[in-house]
Amino acid sequence: MQACASDIGPGAEARPSRERLRRLIGSRKPGHALPGAFYTDPDIFATDIAVIFEREWIFVGASCEIPQPGNFMTVTIGRSPILVLRDRQGVLRAFYNSCRHRGFKLCEAERGHLPAIVCPYHRWTYRLDGSLAHAKFMPEDFRPEDFSLAPVHLRTVGGTIYVCLATEPPDFAPYQAAMTEQLAPHGLENAKLAHEDHLIEYGNWKMAMENSRECYHCASGHDELMRTFLDIYDFANPEQNALIGDYWNKWEAAGFTAQIAEGAHYRASRLPFTANARSITMDGHPAVAKPLGQSPADAYGSLRWVHYPSTFNHCLNDYTVLVRMLPIGPEETLVTTKWLVNAEAIEGVDYTIENLTQVWQVTNQQDKVLVERNQAGVRSSGYRPGPYSPAVEAGVLKFVDWYCGKIGAHADAAVREGALS
């Protein structure tokens, strides 16, 4: 499926000086945080949208959210509203959520069901495969086949959905292969969306991602989470290896993949909970009576995985929590959290929304405060980038290095092409 180019039309990318980008990237000391402009500058934000969010694979949600033909969900990536649906043959498809007549936004609802896609403005009507079925009062030489909805690349892995707005998307296969194996025991295809929550954090999207990549702050910032959450991330620590080793054998015996899966833009690892906890809840007991996927006895823990630039997630034996982070403005990020449970689990019988979501709801609010205070400090003229801890901020460093590589390559390519602003 061919996608429309993300750089068509005037104003496709607000361009700060490529030479300035190169200087800023070059001024960053190895192992240190980014210069402040990367968190506040509107032109750099526009570059982030064009270079990162309109070229990389972006996490949308779970395939179980649109289980039947005609089910759809919508999401906005940068400046582009996107429509994701299941067609009459059960195939998942993604389109720009924009009518081919005059660009009217087709679907406003976040999710729902439709037998056909009808533009509310002038009633142009599209089939679920994106082809134009009806357009009134057009001339005799009008060719409906020339005005299908503009498609967007879509891929799935283990019950999760990603889209890419680029004309030629990056290779998805390595990530797909790694996460197919990691996610297989968790049965996300047989899940349902139990609850969804949206939260706006008044901080740059990179600030939100960085905060999610370390637990250096967890002991002082997340009392409720730390009742069950293991926060040691130093994989060179022999004590941690000994602790995980016991669980490693249990997971392997139960059919889980205990090996870490890692690439330039993703990482997946399986870790146990603290003490005798069996789930991430206030009391450590499972939140859902019916397990999600395989739930072998005495092999409790969570699969934690991140995919840059837009998501981090946790698969537990009883539920899965998916977190999507999308930029709204230079200092504003939309954080969406989705809780998945067994499709046959009954609310009020097998689980309650309060017990299922309480820890993460509290944690999300705490992270909002942390991100916004961090943003306020970085905005200061007195901000100077400091060094990361190799032991507990390795995940932050990996993300920032990935980001600098993407933006740096963009700036270098523009300079080589003689495109200096």
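Visitor: How many helices and strands does the protein have?
Guide: Welcome! What you see above is a predicted model. Its chain is built from both kinds of element, and the tally is nine helices and 17 strands.

Visitor: How does the radius of gyration of the protein sit beside what the globule rule gives for 421 residues?
Guide: The globule rule gives 22 Å for 421 residues, and the protein is close to that, so it is as compact as a globular protein of that length. Along the principal axes, its C-alpha atoms fill a box of roughly 75 × 55 × 35 Å. The radius of gyration itself is 22 Å.

Visitor: What share of the 421 residues is buried?
Guide: A residue counts as buried when its relative accessible area is under 20%. Across the 421 residues of the protein, the buried share is 53%.

Visitor: Among contacts between residues at least 6 apart in sequence, what share joins residues at least 24 apart?
Guide: Trp57 and His153 show how sequence and space can part ways: they are 96 residues apart in sequence, yet their C-alpha atoms are 8.8 Å apart. For the protein as a whole, take the contacts between residues at least 6 apart; the share that joins residues at least 24 apart is 69%.

Visitor: Is Trp57 buried or exposed?
Guide: You can find Trp57 in the loop between α3 (42–53) and β1 (58–62). Its relative accessible area is 4%, and the cut-off is under 20%, so Trp57 is buried.

Visitor: How much of the accessible surface belongs to carbon and sulfur atoms?
Guide: Start with the total, which comes to about 18100 Å² for the protein. Of that surface, the part belonging to carbon and sulfur atoms is 51%.

Visitor: How far apart are the mean positions of the positive and negative charges?
Guide: The protein carries 40 positive and 49 negative charges. Take the mean position of each set, and the distance between the two is 5 Å.

Visitor: How many salt bridges does the count come to?
Guide: A pair counts when a side-chain nitrogen of Lys or Arg is within 4 Å of a carboxyl oxygen of Asp or Glu. Glu108 and Lys105 make one such pair, with their closest N and O atoms 3.8 Å apart. Counted this way, the salt bridges come to 20.

Visitor: Which residue in helix α1 forms a salt bridge with Glu19?
Guide: Look along helix α1 (residues 18–27) for a partner three residues away, about one turn of the helix. Glu19 is partly exposed at 30% relative accessible area, and its partner is partly exposed too, at 34%. The two side chains meet at 3.7 Å, N to O, and the partner is Arg22.

Visitor: How many residues apart are Arg379 and Glu331?
Guide: The side chains of Arg379 and Glu331 meet in a salt bridge of 2.8 Å, N to O. This pair links distant parts of the chain, with Arg379 in helix α8 (residues 353–379) and Glu331 in the loop between β16 (320–329) and β17 (332–342). Arg379 is partly exposed at 47% relative accessibility, and Glu331 is partly exposed at 24%. Along the sequence, their separation is 48 residues.

Visitor: Which residues do salt bridges with shared partners join into one network?
Guide: Here the salt bridges share partners, and that links the residues into one network. Its members are Glu65, Arg111, Glu196 and Lys338.

Visitor: Which residues is Asn211 in contact with, leaving aside its neighbours within four places in sequence?
Guide: Asn211 belongs to helix α5 (residues 205–212). With a relative accessible area of 12%, Asn211 is buried. Leaving those sequence neighbours aside, its contacts are His217, Asp367, Leu370 and Val371.

Visitor: Which residue does a cis peptide bond join to Pro309?
Guide: Pro309 lies in the loop between β14 (302–307) and β15 (311–315). The bond has an omega of about 10°, and the residue joined to Pro309 is Tyr308.

Visitor: Is Phe137 buried or exposed?
Guide: Phe137 is in the loop between β8 (132–134) and β9 (153–157). Although Phe137 is not a glycine, its phi is positive, about 60°. Its relative accessible area is 80%, and the cut-off is over 50%, so Phe137 is exposed.

Terms used. Residues are numbered from 1 along each chain as its sequence is written. This is a predicted model: local features need pLDDT of at least 70, side-chain atom pairs count only at pLDDT 80 or more; totals for chains, interfaces and linings use all residues. Side-chain values use heavy atoms; hydrogens and water are left out. Helices (H or I, at least four residues) and strands (E, at least two) are DSSP runs, numbered from the N terminus. Buried means under 20% relative accessible area, exposed over 50%, partly exposed in between (1.4 Å probe, protein chains only). The radius of gyration is taken over C-alpha atoms; the globule rule is 2.2 Å times the number of residues to the power 0.38. Contact means heavy atoms within 4.5 Å. Accessible areas come from the Shrake-Rupley method with a 1.4 Å probe; for residues, only the protein chains shown count as cover. Lys and Arg count as positive and Asp and Glu as negative; His and the chain ends are not counted. The place of a charge is taken as NZ of Lys, CZ of Arg, CG of Asp or CD of Glu.
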